[in-house]
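Visitor: I'm new to this one, and I'd like a close look at a single part of it. Could you take me to the core and show me what packs around it?

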Amino acid sequence: MVAPLKVGIAGLGTVGSAVVRLIEQQSRALSARCGRGVRVVAVAARSKTKKRDVDLTDIAWAKDALALANDPGIDCFVELMGGSGDPAHSAIEAALKSGKSVVTANKALIAKHGLRLAALAEQHHGALNYEAAVGAAIPVIKTLREGLAGTTINRVYGILNGTCNYILTRMEKEGLSFAECLKDAQRLGYAEADPSFDVDGHDTAQKLSILASLAFGTRVAQSAVYVEGISSIAPEDLRAAEELGYRVKLLGVAVRTSKGIEQRVHPTMVPKTSSIAQVMGVTNAVTIDGDGIPPITLVGPGAGGAATASAVVADIADVASGIRALPFGRPTAKLRATEKAPMERHEGGYYIRLMARDFAGTAATIATRLAEQKISIESIVQRHPNGKLDDEESDTPTSPVPVLLITYATHEDAVHRALHAVRADKVITGRPQVIRIEKN
């Protein structure tokens, strides 16, 4: 009879406690699926006396995470402490060097040190599994690494941060400002006291860098991701998107182009008919475009103790079953370096909102500046008491008039040059709002 897989867990917060409970609850099912039992035999946490909603009576306590990682009595080290530095980093390194397999939910650590850790796993013949690091219960890591191993991926994009999606959903549905929705998200526990890591796009960038590596065989490099947050989005942009047939989402997008792999995080208009546009609230979603297959969209809870624990236990089950997939789907020596793609070279459609001065010649000036940069307009909406801007109106200026434009595909530097010229002409007030459009 095969001996059970002996698991040590470092970190007993919401996720760690949920993992202990789930392994206990699924004991028989795991044994049947894996061909051997799975047992939590040791744990490490900052406080041994803290009350936890889990029975730890028959489980040993290690002095700290590093001691647990070096414990010869465990086969699989599970890191659920978080953070890209120590103690998580040194503990995972120690576990891999001793030949143990590692399971982690730590996106920051994988984004920063994933390449070196994957090399250690290969060298010492252990697993490095991190399904829970991106999308929690959504099995996007396994899908890219194993399920689509025979498919050339051209684009992977998605909603990777529930906090941002919740805020944008509330803004759209209730017409609230970003500040109002953020405050409510903090009250409900969806946003941190310091929400900048989420709302400025950095959380999404870490996850995207991991997905890009799996999809395109590149080295994980968060520095190669262009990042823009959602704080500039106004309710009027969401109303305009609705009228124009779009919805605004914070997307992480990695796409194969003729110039290389483009990785970017920014507010994006997506067609309301697309699968990704239907994803509301704190839910996450990832769409994968590959050769010979229609787009695949995976949707589910991207955070939370139960959802994350589900992915962690699935990774542990793979270890128990003897599955040893290469951490990034390819040997680390064959992963290619990647650099940040200049957004000036990005090509696509754009939404532009201008506050135009309401006097004769304004519309013509805007049209001229766009035409000079060979920018074609797909649609235009002009807010005016009389229904439109008109060059025959009075030269007497009144309140600025919103002008909403949707362009056909063009280059980002052309958009910036045109808007710079429009501002220099003094026919608009304030800063133009520009949102990129991602087609199906």
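Guide: Here is a walk through the core, followed by the helix pairs and a few other spots.

First, a word of caution: this is a predicted model. To get your bearings, picture the C-alpha atoms filling a box of roughly 90 × 45 × 35 Å, taken along the principal axes. The protein has 14 helices and 17 strands. Of its 440 residues, 53% count as buried. If you take the contacts with a separation of 6 or more, 76% of them join residues 24 or more positions apart.

Now for the part you asked about. The largest nonpolar core has 81 residues. Phe77, Tyr130, Val140, Ile167, Leu211 and Ile230 are the ones with the most contacts inside this core. Helix α10, which covers residues 202-216, gives the most to the core, with eight residues.

Let's stop at Ile167. Skip its neighbours within four places in sequence, and you'll find Ile167 in contact with Phe178, Cys181, Leu182, Ala185, Val199 and Ile230. Ile230 is a name you've just met, as one of the residues with the most contacts inside the core.

Back to α10, where you'll find Leu214. Its relative accessible area is 4%, which is under the 20% cut-off, so Leu214 counts as buried. Again leaving out neighbours within four places in sequence, Leu214 is in contact with Tyr130, Ile141, Leu144, Arg145, Pro327, Phe328, Gly329 and Arg330. Tyr130 is another of the residues with the most contacts inside the core. For a sense of distance, try Leu250: Leu214 and Leu250 are 36 residues apart in sequence and 21 Å apart in space, C-alpha to C-alpha.

Helix α10 also has a helix to meet, namely α5, residues 107-124. The axes of α5 and α10 come within 9 Å and cross at roughly 55°. That angle makes α5 oblique to α10, and the crossing is left-handed. On the α5 side, the contact is made by Lys107, Ala108, Ile110 and Ala111. On the α10 side, look for Asp203, Gln206, Lys207, Ser209 and Ile210. It's a mixed bunch: four nonpolar, two polar and three charged residues.

Next, helix α11, residues 235-244. Its buried residues are Pro235, Asp237, Leu238, Ala240 and Ala241. What covers them includes the helix α7 (162-174) and the strands β9 (246-257), β10 (260-271), β13 (347-356), β15 (401-407) and β17 (428-437). Just after α11 comes Gly245, which takes a positive phi of about 90°.

So much for that neighbourhood; here is another core. The largest nonpolar core, with its 81 residues, has another core lying apart from it, of 31 residues, and among them are Leu30, Val38, Val54 and Ala320. Two of those names, Leu30 and Ala320, turn up again where helix α2 meets helix α12. The helix α2 covers residues 27-34 and α12 covers residues 305-321. Their axes come within 9 Å and cross at roughly 45°, which makes α2 oblique to α12. The crossing of α2 and α12 is right-handed. Here Leu30, Arg33 and Cys34 in α2 meet Val313, Ala317, Ala320 and Ser321 in α12. By class, that's five nonpolar, one polar and one charged.

While you're here, find Val40 in strand β2, residues 38-44. With 13% relative accessibility, Val40 counts as buried. Not counting residues up to four places away in sequence, Val40 touches Val7, Ile9, Ile23 and Ile59. Arg336 is 296 residues from Val40 along the chain, and their C-alpha atoms are separated by 38 Å.

One last helix pair to finish: α13 (residues 362-372) and α14 (residues 412-424). Their axes come within 8 Å and cross at roughly 150°. Angles over 145 degrees count as roughly antiparallel, and α13 and α14 are therefore roughly antiparallel to each other. The way α13 passes α14 is a right-handed crossing. The contact is made by Ile366, Arg369 and Leu370 of α13, together with Ala418, Ala421 and Val422 of α14. That contact has five nonpolar residues, no polar ones and one charged.

Key. Residues are numbered from 1 along each chain as its sequence is written. This is a predicted model: local features need pLDDT of at least 70, side-chain atom pairs count only at pLDDT 80 or more; totals for chains, interfaces and linings use all residues. Side-chain values use heavy atoms; hydrogens and water are left out. Axes are lines fitted to C-alpha atoms, for helices over the stretch in contact, and angles run from 0 to 180 degrees between N-to-C directions. Helices (H or I, at least four residues) and strands (E, at least two) are DSSP runs, numbered from the N terminus. Angles under 35 degrees count as roughly parallel, over 145 as roughly antiparallel, 65 to 115 as roughly perpendicular and the rest as oblique. A crossing is left-handed if the near helix is turned anticlockwise from the far one by less than a right angle, and right-handed if clockwise. Contact means heavy atoms within 4.5 Å. Ala, Val, Leu, Ile, Met, Phe, Trp, Tyr, Cys and Pro count as nonpolar, Asp, Glu, Lys and Arg as charged, and the others, Gly among them, as polar. A nonpolar core is a set of buried Ala, Val, Leu, Ile, Met, Phe, Trp, Tyr and Cys residues joined through side-chain atoms within 4.5 Å. Buried means under 20% relative accessible area, exposed over 50%, partly exposed in between (1.4 Å probe, protein chains only).
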